[in-house]
Amino acid sequence: MGHLWSAFVGETFPPATKFHVSDIPDMSGKVVLVTGANTGIGKETARVLLTKNAKVYIACRDKVKGEAAVAELKKSTGNEAVFLQLDLANLKSVKAAAEKFLSKEPLLNVLFNNAGVFNPPVEMLTDDGYDLQFGTNVLGHFYFTKLVMPALLTAVATSSDGTARVVNTASNTHWLSGLDYNTFRDSPARRKMNTWKRYGQSKTGNIVFSAELARRYGDQGIVSTALSPGGIRTQIARHHSSFTQAFFNLFFRDVSHGALTQLYAGTTVEGVQLNGKYLIPCARIGNPRAETQDPQQGMELWNWLEEQVKDV
C-alpha cells in the first residue's frame with residue numbers, strides 16, 4: 001500500500017522538469033494526429049507540434065469545438081491544423097474517421113491517443129453499449145490505432161530513424177484498479193463499481209494495450225509508449241463536483257506541464273528507445289503496476305478488443 005501511495009503521489013506532483021519544449025526537434029514533413037486535441041493536454045500538444053512545423057490533425061467528436069480549436073491554434077502559432085471528426089464512443093464513427101484520414105494521408109508518423117473521459121455518471125454508456133470510460137479510452141483508441149496501422153507502418157519505411165510512434169495517455173489512477181471484464185459493458189457489477197475504479201480500470205487498459213502493441217509491432221518499427229501526464233488542470237474533470245474541481249485548480253499544474261511527457265515520447269531522438277515503456281512526469285521512465293506488463297494479460301485484452309470490433 002505504501003508503494004502504491006508513493007507512486008501515485010510521485011506521478012501527481014513530480015520534481016521540476018529537465019525536458020523543455022525547446023528540446024523538441026523540428027517536425028517539418030511529419031504527419032501527427034492527436035485525439036481529443038480540441039482542449040486540455042491534447043490541444044497543448046497540438047499547439048507545440050504546430051510551432052515545430054508538423055502537419056497536425058486534431059481529432060475530436062464535436063465539429064464546432066474542433067474547428068474553433070483549429071482557428072485558435074492558427075492565430076497563436078501561424079500554422080493551421082486539420083480537423084478530423086472522431087467520436088471514440090461510436091465504433092462506426094471511429095471506422096469512418098480512420099477511412100477519411102487514410103484517404104488523405106499515406107503515412108502517419110506519430111499517433112497521440114490522448115482523448116479521455118473522466119468519471120462520468122454511471123448511466124452514461126458508449127453508443128455501442130460499453131462503459132463510457134472503457135469504451136472511449138481503451139476500445140475506441142484500440143480500434144482507431146488498428147485501422148490507421150497501415151499509415152504508421154508506411155511512415156516507418158520512410159522515416160529517418162526507422163520508426164513511427166504511438167503515444168498512449170494513461171494516468172496514475174491506474175494504480176486504483178486492475179481489469180474486470182464483467183464491467184466493460186453495462187452490468188450489475190459495473191454499476192456497483194466505484195467511479196474512480198472504473199476510470200482507473202480504463203487507464204490500466206491503456207497501459208496493457210500499449211505494452212501489447214509494443215510486443216506485437218516493435219520489430220516492425222512501431223514505438224509504443226504509455227504515460228501519466230501528472231496532476232493537470234483540464235476540462236476532463238467537468239463531471240466532478242465543484243469541490244473536486246476547485247481542488248484540482250488549486251493543486252494541479254497547467255496544461256503546458258501535462259503535454260511535456262507525451263511530447264518527449266513522440267518527438268525526441270531518445271523516444272526511439274522507449275518501446276514498451278511507461279513514462280511519468282516529466283519525461284522520465286517509471287514503473288506501472290506489475291500486472292500491466294504481463295504478456296498473458298496483454299494477449300487476453302487484445303483478443304477481447306479484437307472480438308468487439310470484428311463486425312463493425
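This report describes the fold of one protein chain, its aromatic pairs, its backbone exceptions and some of its loops.

The structure is a predicted model, in which local features need pLDDT of at least 70 and side-chain atom pairs count only at pLDDT 80 or more, while totals for chains, interfaces and linings use all residues. Residues are numbered from 1 along each chain as its sequence is written, and side-chain values use heavy atoms, with hydrogens and water left out.

## Overall fold

The chain contains ten helices and eight strands; these are DSSP runs numbered from the N terminus, helices being H or I with at least four residues and strands E with at least two. Of its 312 residues, 56% count as buried. Here buried means under 20% relative accessible area, exposed means over 50%, and partly exposed lies in between (1.4 Å probe, protein chains only). The exposed area of the chain is about 13100 Å², and carbon and sulfur atoms supply 53% of it; the areas come from the Shrake-Rupley method with a 1.4 Å probe, and for residues only the protein chains shown count as cover. Among contacts in the chain with a separation of 6 or more, 76% are between residues 24 or more positions apart, where contact means heavy atoms within 4.5 Å.

## Aromatic pairs

A search of the whole structure finds 13 aromatic pairs. Rings of Phe, Tyr and Trp (its six-membered ring) pair if their centres lie within 6.5 Å; planes under 30 degrees apart count as stacked, over 60 as edge-to-face and the rest as tilted. Two of the pairs are set out below.

| Pair | Centre to centre | Angle between planes | Type |
|---|---|---|---|
| Phe-142 and Phe-209 | 5.9 Å | 80° | edge-to-face |
| Phe-209 and Trp-302 | 5.8 Å | 20° | stacked |

The edge-to-face pair links distant parts of the chain, since Phe-142 belongs to helix H5 (residues 132–158) and Phe-209 to helix H7 (residues 195–217), 67 residues apart. In the stacked pair, Phe-209 lies in helix H7 and Trp-302 in helix H10 (residues 295–309), so parts 93 residues apart in sequence are tied together. Phe-142 is buried at 1% relative accessible area, Phe-209 is buried at 4%, and Trp-302 is buried at 8%.

One aromatic cluster is formed by Tyr-130, Phe-134, Tyr-181, Phe-184 and Trp-304. The charged end of Arg-185 sits over the ring of Tyr-130, 4.0 Å from its centre; for this, NZ of Lys or CZ of Arg must be within 6 Å of the ring centre and within 35 degrees of the ring normal.

## Backbone exceptions

Most residues other than glycine have a negative phi, and most peptide bonds are trans. Asn-53 has a positive phi of about 75° although it is not a glycine. Asn-53 is placed in the loop between helix H2 (40–51) and strand S2 (55–60), and is partly exposed, with a relative accessible area of 39%. Asn-119 also has a positive phi, of about 55°, and is not a glycine. Its place is the loop between strand S4 (110–113) and H5, and Asn-119 counts as buried at 5% relative accessibility.

The peptide bond from Pro-281 to Cys-282 is cis, with omega near -15°. Cys-282 is found in the loop between strand S7 (278–280) and strand S8 (284–286).

## Helix H2 and two loops

The twelve residues of H2 should span 16 Å at 1.5 Å a residue, and its end C-alpha atoms are 17 Å apart, which agrees; the expected span is 1.5 Å times one less than the number of residues. H2 is mostly covered, with ten of its twelve residues buried. Among the buried residues of H2 are Gly-40, Lys-43, Glu-44 and Leu-50.

Asn-90 is found in the loop between strand S3 (82–85) and helix H4 (91–104). Its side chain reaches the backbone nitrogen of Ser-93 at 2.9 Å. Leaving aside neighbours within four places in sequence, Asn-90 is in contact with Asp-127 and Asp-128.

Val-117 is found in the loop between S4 and H5 and counts as buried at 10% relative accessibility. The C-alpha atoms of Val-117 and Gly-135, 18 residues apart along the chain, are separated by 9.4 Å. Leaving aside neighbours within four places in sequence, Val-117 is in contact with Leu-132, Gln-133, Thr-136, Asn-137 and Tyr-199.

Definitions and conventions:
Polar contact = N/O pair within 3.5 Å; in protein donor to acceptor, adjacent residues only side chain to side chain.
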